[in-house]
Amino acid sequence: DTLNDHLAEVDKTASEMFYRLVEQLKRRDCITEELKATNQMEWVQRMNVIYNEAAEIVMKELICV
């Protein structure tokens, strides 16, 4: 009965951590809306790297403790 509650809390925490990391990594790598407007392909490539990095950190730190 508490497993679903626990899984929902882990999912919420993981999502919050993921989006917080994405924002931090974007600042670290100077990925801006200006880049998105001027060079969409580079922006997409760099954002994909950031999403993968953030997902890996969440998995290591939160899921696979």
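**Exercise 1. Contacts along the chain**

What share of the contacts in the protein chain with a separation of 6 or more comes from residues 24 or more positions apart?

Solution. The model is predicted. Contact here means heavy atoms within 4.5 Å. Among contacts with a separation of 6 or more, residues 24 or more positions apart account for 67%. One example is the pair L21 and A54, which are 33 residues apart in sequence.

**Exercise 2. Fold and overall dimensions**

State the secondary structure of the protein chain, then set its radius of gyration against that of a compact globule.

Solution. Start with the elements. The chain has 3 helices and 0 strands. Read from the N terminus, the order is α-α-α. Helix 1 covers residues 3-28, helix 2 covers 33-38, and helix 3 covers 40-63.

Next, the dimensions. For 65 residues, a compact globule would have a radius of gyration near 11 Å. The protein chain has 15 Å. Along the principal axes, the C-alpha atoms fill a box of roughly 50 × 20 × 15 Å.

Then the surface. Its accessible area is about 5,100 Å². Carbon and sulfur atoms hold 54% of that area. Buried residues make up 22% of the 65 residues.

Last, the charges. There are 8 positive and 13 negative charges, and their mean positions lie 6 Å apart.

**Exercise 3. Helix lengths**

Check the end-to-end distances of helix 1 and helix 3 against 1.5 Å a residue.

Solution. Take helix 1 first. It has 26 residues, so at 1.5 Å a residue it should span 38 Å. Its end C-alpha atoms are 37 Å apart, which agrees.

Now helix 3. It has 24 residues, and 34 Å is expected. The distance from its first C-alpha to its last is 32 Å, close to that value.

**Exercise 4. The packing between helices**

List the buried residues of helix 1 and helix 3, and name the helices they pack against.

Solution. Buried means under 20% relative accessible area. In helix 1, the buried residues are A14, M17, F18, L21, V22, L25 and K26. These pack against helix 3.

In helix 3, the buried residues are W43, M47, I50, A54 and V58. They pack against helix 1 and helix 2.

Consider the spacing in these lists. An α-helix has 3.6 residues a turn, so residues three or four places apart point the same way.

**Exercise 5. A54 and L21**

Which residues does A54 touch, leaving aside its neighbours within four places in sequence?

Solution. Place the residue first: A54 lies in helix 3. Its relative accessibility is 0%, so A54 counts as buried. Its contacts are F18, L21, V22 and L25. Each of these four appears among the buried residues of helix 1.

Now look from the other side. L21 is in helix 1. With a relative accessible area of 13%, L21 is buried. Beyond four places in sequence, L21 is in contact with A54, I57 and V58. The C-alpha atoms of L21 and A54 are 5.8 Å apart.

Compare two further pairs. A54 and E23 are 31 residues apart in sequence, with 9.7 Å between their C-alpha atoms. A8 and A55 are 47 residues apart in sequence, with 18 Å between their C-alpha atoms.

**Exercise 6. A lysine and an alanine in helix 1**

Classify K26 and A8 as buried, partly exposed or exposed.

Solution. Both residues belong to helix 1. The relative accessible area of K26 is 15%, so K26 is buried. Setting aside residues up to four places away in sequence, K26 touches I31, M47 and I50. Of these, M47 and I50 are buried residues of helix 3.

A8 has a relative accessible area of 47%, so A8 is partly exposed.

**Exercise 7. The backbone at C30**

What is the phi of C30, and where is this residue found?

Solution. C30 sits in the loop between helix 1 and helix 2, just after helix 1. Its phi is near 55°. That is a positive value in a residue other than glycine. Most residues other than glycine have a negative phi. The side of burial is clear too: C30 has a relative accessible area of 59%, so C30 is exposed.

Terms used:
Residues are numbered from 1 along each chain as its sequence is written. This is a predicted model: local features need pLDDT of at least 70, side-chain atom pairs count only at pLDDT 80 or more; totals for chains, interfaces and linings use all residues. Side-chain values use heavy atoms; hydrogens and water are left out. Helices (H or I, at least four residues) and strands (E, at least two) are DSSP runs, numbered from the N terminus. The radius of gyration is taken over C-alpha atoms; the globule rule is 2.2 Å times the number of residues to the power 0.38. Buried means under 20% relative accessible area, exposed over 50%, partly exposed in between (1.4 Å probe, protein chains only). Accessible areas come from the Shrake-Rupley method with a 1.4 Å probe; for residues, only the protein chains shown count as cover. Lys and Arg count as positive and Asp and Glu as negative; His and the chain ends are not counted. The place of a charge is taken as NZ of Lys, CZ of Arg, CG of Asp or CD of Glu. The expected span of a helix is 1.5 Å times one less than its number of residues.
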